[in-house]
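User: Could you walk me through the ligand and metal sites in this model?

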Amino acid sequence: MKKVIKNGTIVTATDTYQAEILVENGVISQIGMNLSTEGAEVIDANGCYVFPGGIDPHTHLEMPFGGTVTKDDFETGTIAAAFGGTTTVIDFCLSNKGEPLKDAIDTWHGKSKDKAVIDYGFHLSIGEVNDAVLNELPSVIENEGITSFKVFMAYKNVLQADDETLFKTLLAAKELGALVMVHAENGDVIDYLVKKALSEGKTEPIYHALTRPQEIEGEATERAATFAGLANSQLYVVHVTCADAVKAITEAREKGFDVWGETCPQYLVLDQSYLEKPNFEGAKYVWSPPLREKWNQDVLWNALRTGQLQTFGSDQCSFDFKGQKELGVGDFSKIPNGGPMIEERLTVLFSEGVKKGRITLNQFVDLISTRVAKLFGLYPKKGTIAVGADADIVIFDPTIERTISAETHHMAVDYSAFEGMKFTGEPVSVLSRGEFVVRDKQFVGKLGAGQFIKRAKYGENYEITKDQTATV
Ligand code: URP
Ligand code: ZN
Ligand code: ZN
């Protein structure tokens with residue numbers, strides 16, 4: 001059925017204006033005033049912003065990690081995402097060394113099919129680059145529609161890849177049209193520092209942060225950026241947490257390297273002191289890279305404002321406190337790394353960023369949706385409000401004041417990293433390709449309605465230039 005969204009304020013990455021939207025067959029077919037409502041359902045967005053559905057470039061749903069599996073899967077994770085105003089997630093598909101890449105991709109399709117309530121795509125992790133991998137990569141891009149690869153520079157003896165692998169992945173990505181993502185921390189140095197701490201009887205969660213200092217993130221970021229420049233390739237640094245990493249990205253971009261950076265909600269509002277909470281509660285805040293000293297938050301906000309960082313992901317990677325985080329009682333290195341973030345991504349950035357005057361409303365839309373769509377081959381089908389785009393739409397009330405709690409969130413995980421915190425602004429209704437997934441704050445979506453999206457190559461549908469960076 002046709003829908004007309006009336007009385008709202010449309011917000012894109014560049015414009016804010018009053019207009020109505022006609023949705024037909026899952027796409028936006030008209031934008032204007034006094035649109036005909038004949039045969040259409042009228043949706044009143046009075047007092048609300050109407051912006052493109054959020055695109056989360058960084059999720060780990062039903063992912064085996066740290067001796068267990070993330071609590072939220074493609075069902076609970078995408079339902080929670082939708083409540084938070086996200087209509088597309090790009091999840092990390094983990095490949096195993098020695099196995100065909102296609103097997104890993106098929107495994108991830110098995111996890112997501114019939115479960116996801118919003119659209120989704122995959123990034124593919126690369127642990128080694130040999131002839132078999134090089135032979136398969138063109139098909140991963142052309143046939144599977146997976147156009148971004150992830151290389152972990154940390155998690156020694158688990159996911160960590162060596163420098164040769166990273167460099168070869170960058171070269172292959174340049175040739176094939178893919179974007180290389182890195183988890184930038186020096187895994188070898190961390191491994192040494194962790195063993196040393198444990199041998200000294202330092203077992204509490206806070207030592208997770210103290211054994212992964214920010215210099216180590218800065219060094220790895222700089223190294224990855226250097227390789228990207230040398231390979232004349234494209235690099236995206238996930239979950240940037242600190243001044244040293246921002247500096248490395250900024251310097252690389254100033255040299256003309258094609259380097260992009262993402263940060264996440266947790267690094268903007270939580271800090272290292274959370275890992276010192278008593279009764280092992282600090283484990284709830286153990287993820288990598290770790291939370292930093294609070295002063296880094298100003299650096300991150302400034303980087304978002306000036307365009308030194310360009311996207312905002314959740315790094316959703318949830319583990320229950322009971323039974324999962326508790327695996328690390330007596331040994332912080334056994335605490336599964338990750339936290340629940342998918343649902344609060346937009347609210348945190350809106351409340352702490354737009355409401356507090358740190359970023360503009362248009363920057364907010366760029367960070368949570370448009371820029372992600374451009375970098376990851378989804379634009380212009382997704383990531384904006386425009387005629388011909390998918391009707392992935394959020395109706396967002398900027399005045400609602402809410403207190404975050406595990407009691408009321410929609411994730412399956414048993415705690416919230418933002419428990420008791422107050423934020424302003426909430427998605428009221430969310431549409432995915434023209435169908436309500438959340439309506440008046442109630443879930444009305446369908447399991448399996450989310451479609452796997454084959455993404456375009458890097459820069460194929462949209463010319464990516466670094467000077468698109470917004471500055472205010
Ligand atoms: O601690 C984290 N971030 N867990 C998820 C895996 C990763 O490194 O992104
Ligand atoms: Zn990571
Ligand atoms: Zn992650």
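Analyst: Here's a short run through those sites. The model is predicted, so local features need pLDDT of at least 70 and side-chain atom pairs 80 or more, while totals for chains, interfaces and linings use all residues. Residues count from 1 along each chain as its sequence is written, chains are lettered from A and ligands numbered from 1 in the order written, and side-chain values use heavy atoms, without hydrogens or water.

User: Which residue gives ligand 1 a backbone contact at 2.7 Å?

Analyst: Polar contacts here are N or O pairs within 3.5 Å. Two side chains meet oxygen atoms of ligand 1: His60 at 3.1 Å and His183 at 2.9 Å. The backbone N or O atom at 2.7 Å from a ligand 1 oxygen belongs to Ser288.

User: How much of ligand 1 does the protein bury?

Analyst: Taken alone, ligand 1 exposes 260 Å² (Shrake-Rupley, 1.4 Å probe). Of that area, the protein buries 100%.

User: How many residues of the shell around ligand 1 are polar?

Analyst: The shell (a heavy atom within 4 Å) includes Phe65, Tyr155, Trp287, Asn337 and Gly338. Four of its residues are nonpolar and one is charged. Gly goes with the polar class, and the polar count is seven.

User: What arrangement do the four donor atoms around the zinc ion (ligand 3) have?

Analyst: His58 (NE2), His60 (NE2) and Asp315 (OD) coordinate this zinc at 2.0 to 2.1 Å (donors are N, O or S within 2.8 Å). Their sequence spacing is H-x1-H-x254-D. Four donors with all angles between 85 and 135 degrees count as tetrahedral. The angles here are 87 to 133°, so the arrangement is tetrahedral.

User: And what about the four donor atoms around the zinc ion (ligand 2): which arrangement?

Analyst: Its coordinating residues are His183 (ND1) and His239 (NE2), at 2.0 to 2.1 Å. The donor angles run from 58 to 152°, which makes the arrangement irregular.

User: How far apart are the zinc ion (ligand 2) and the zinc ion (ligand 3)?

Analyst: His183 coordinates ligand 2, whereas His60 coordinates ligand 3. The separation between these zinc ions is 3.9 Å.

Conventions: Polar contact = N/O pair within 3.5 Å; in protein donor to acceptor, adjacent residues only side chain to side chain. Donors = N, O, S within 2.8 Å, 3.2 Å for Na, K, Ca; no water. Tetrahedral: all angles 85-135°; square planar, octahedral: opposite > 155°, others 65-115°.
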